[in-house]
Each structure stands twice: as structure tokens, then as C-alpha cells.
Amino acid sequence: MMKKYEARKFQFTNTMTGKREEFKPITPGKVLFYSCGPTVYGLLHIGNARALITADLIFRWLKYIGYDVNFVRNYTDVDDKIIVRANEEKVTSLEISEKYIVECETDIKLLGLRKPTKTVKVTDSMDDIIGLIEKIIARGHAYVVDGEVLFSIDSFKSYGKLSNKNVEELQAGARVEVDAKKKNPADFSLWKPQKPGEPFWESPWGQGRPGWHIECSAMVGHWLGETIDVHH
């Protein structure tokens with residue numbers, strides 16, 4: 001039997017380099033691990049299950065070889081699809097998200113997955129999300145137009161580095177919505193102003209809700225810190 005922290009050498013594929021590299025956590029013996037969980041607007045499908053099982057496999061492996069793993073997974077319970085489903089069923093978005101979180105937890109148990117160290121929800125993280133957006137604006141990487149906060153990809157030279165995308169090759173209107181108020185057609189929303197019938201939270205930019213891109217960043221920062229070992 002292996003002694004604690006005498007971890008076997010193994011490799012992960014580094015998304016940025018595209019190469020398999022030996023795993024070396026920031027703190028020896030400890031791993032900060034975040035997995036983006038399902039958006040709860042309906043029952044789990046095979047894609048959701050695959051992501052949950054893969055994260056569980058990583059969690060189990062790291063624990064098996066002796067690491068102390070702080071594993072955080074989220075539920076995205078604020079989203080366009082949730083709002084659409086709520087309108088279809090004539091209930092609130094919160095009722096839809098809570099209903100399908102219960103269903104998801106049932107399926108997770110049936111799949112035999114281990115509980116993460118912490119499970120968090122977007123709706124419980126609004127202060128962190130708003131605070132992070134304020135920091136991004138203060139650093140000159142986002143701007144406000146008509147109550148909407150947009151991330152400026154031109155302000156961040158490393159944008160696209162992780163996904164290996166060449167920003168200059170992005171065609172306006174090809175994969176992103178053309179919007180005259182955007183400085184760059186590829187700029188994306190960090191905070192969306194409220195539309196009639198939508199859930200909203202108070203913010204420095206008016207009533208609204210977060211954009212999909214910012215949520216996990218805020219939750220990672222709150223529960224694990226600015227730099228983590230594994231993002232799934």
C-alpha cells in the first residue's frame with residue numbers, strides 16, 4: 001500500500017500547451033479542483049452525466065494516490081434556458097432550478113458518485129460575482145453600456161490563449177451576435193440588464209443578472225482562490 005503523499009507520477013493534458021505534462025500541484029500534497037456542474041433547467045442527459053462521472057473519476061484518483069483534495073462543483077441556477085422553461089411551465093425560475101437540482105442529486109446518488117467537498121449555486125454567489133465584475137471594470141477590461149457590462153477582449157492581450165483561438169480570425173456575426181453597442185463583436189456580457197419577467201439582482205449597474213462567463217470565475221475565487229490546480 002502506498003504511503004500518504006507518495007503519489008505516483010501521472011500526467012494531465014495541459015489545455016493551453018496541448019501537451020501531456022506531469023501533474024504538480026501548487027501546494028505539495030494538496031489539490032484545488034473545480035468542476036463546472038450542470039445548468040438545471042431539465043433532467044440530466046448523457047452529456048451532463050459524462051461530465052459528472054469524469055469529475056468524479058479525477059476526484060477519486062487524486063484521493064486514491066494520497067492527495068488532500070478540495071473539490072468544488074457548482075449548479076448554474078440562473079440561465080436563459082431556465083427562464084424559458086419557467087415561462088413555459090408558468091412558474092418562477094427559482095422553482096425550476098430547485099426542482100431540477102433535487103432531480104440531479106437523485107441521479108448523482110444513483111450513479112454512485114462521491115460528494116464534492118463543496119457544492120455551490122450561482123444564486124448564492126451574487127456578491128462575489130458583482131465584486132469580481134467591479135474589479136474587472138476597474139482594471140480596464142470591461143465597460144458599461146445601458147446597464148450591461150461587457151468584457152473587452154481587445155483589452156486583454158492573452159484572450160484566446162487558453163483555448164488556442166486566434167482572435168483576429170473571428171468573423172463578426174459568424175459565431176457571435178452583432179451588436180452596435182459592442183466595441184468588438186466578440187465582446188461578451190458579464191452582467192445583463194433585467195428584461196420583463198426575468199429574475200434580477202441589484203447591482204451598481206442596475207437590476208439584472210450575471211452573464212454565463214463570469215459565474216464560475218467568481219465561485220472559484222471565493223472557495224478555492226485565484227489560482228487552482230485543476231479546472232474541469
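**Strands, buried residues and a pocket**

Trainee: How many bridges pair strand β6 (residues 142-145) with β7?

Mentor: Strands are DSSP runs of E with at least two residues, helices are runs of H or I with at least four, and both are numbered from the N terminus. Two strands pair if DSSP finds at least two bridges between them. β6 and β7 do so in the antiparallel sense, and the number of bridges is four.

Trainee: What pLDDT do local features need in this model?

Mentor: Residues are numbered from 1 along each chain as its sequence is written, and side-chain values use heavy atoms, with hydrogens and water left out. The model is predicted: totals for chains, interfaces and linings use all residues, side-chain atom pairs count only at pLDDT 80 or more, and local features need pLDDT of at least 70.

Trainee: Which residue in the hairpin of β6 and β7 takes a positive phi?

Mentor: The bridge partner of valine 145 in β7 is glutamate 148, and the hairpin has two residues between the strands. The residue in question lies in the loop between β6 and β7 and is exposed, with a relative accessible area of 68% (exposed means over 50%, buried under 20%, partly exposed in between, with a 1.4 Å probe and protein chains only). Its phi is near 55 degrees, a positive value in a residue other than glycine, and the residue is aspartate 146.

Trainee: How far apart are the C-alpha atoms of lysine 90 and glycine 66?

Mentor: Lysine 90 lies in the loop between α2 and α3, and its relative accessible area of 75% makes it exposed. Phi of lysine 90 is positive, near 55 degrees. Lysine 90 and glycine 66 are 24 residues apart along the chain, and their C-alpha atoms are separated by 49 Å.

Trainee: Which strands stand at the edges of the open sheet?

Mentor: Four parallel strands form this sheet, in the order β5-β4-β3-β10. Strand β3 (residues 30-35) is joined to β10 by two bridges, and the partner of tyrosine 34 in β10 is histidine 231. Two of the strands each have a single partner, so one side of each is left without a neighbour in the sheet: these are β5 (118-121) and β10 (230-231).

Trainee: Which residue shares a polar contact of 3.2 Å with the side chain of asparagine 74?

Mentor: Asparagine 74 lies in strand β4 (residues 68-75) and is buried, at 1% relative accessible area. A polar contact is a pair of N or O atoms within 3.5 Å; within protein, one must be able to donate a hydrogen and the other to accept it, and residues adjacent in sequence count only if both atoms are side-chain atoms. One such contact, of 3.3 Å, joins the side chains of asparagine 74 and tyrosine 34. The contact of 3.2 Å is with the side chain of threonine 76.

Trainee: At what distance does the side chain of lysine 182 reach the backbone oxygen of aspartate 187?

Mentor: Lysine 182 is in the loop between β7 (148-151) and β8 (188-193). Lysine 182 counts as buried, with 19% relative accessibility. Its side chain reaches the backbone oxygen of aspartate 187 at 2.9 Å.

Trainee: What is the distance in space between threonine 17 and leucine 162, C-alpha to C-alpha?

Mentor: Threonine 17 sits in the loop between β1 (11-14) and β2 (19-22) and is partly exposed, at 40% relative accessibility. A polar contact of 2.8 Å joins its side chain to that of glutamate 21. Threonine 17 and leucine 162 are 145 residues apart in sequence, and the C-alpha distance is 8.1 Å.

Trainee: Which elements give two or more residues to the lining of the second largest pocket?

Mentor: A pocket, on a 1 Å grid over the protein atoms alone, is an open set of points where a 1.4 Å probe fits, with protein on both sides within 12 Å along at least five of seven lines; lining residues have an atom within 4 Å of a point. Grid points are joined across faces, edges and corners, and the volume is the space filled by probe spheres set on the points; for the second largest pocket this is about 180 Å³. Of its 14 lining residues, the closest to the centre are Thr92, Ser93, Leu94, Pro199 and Trp201. The elements asked for are α2 (80-89) and α3 (93-111).
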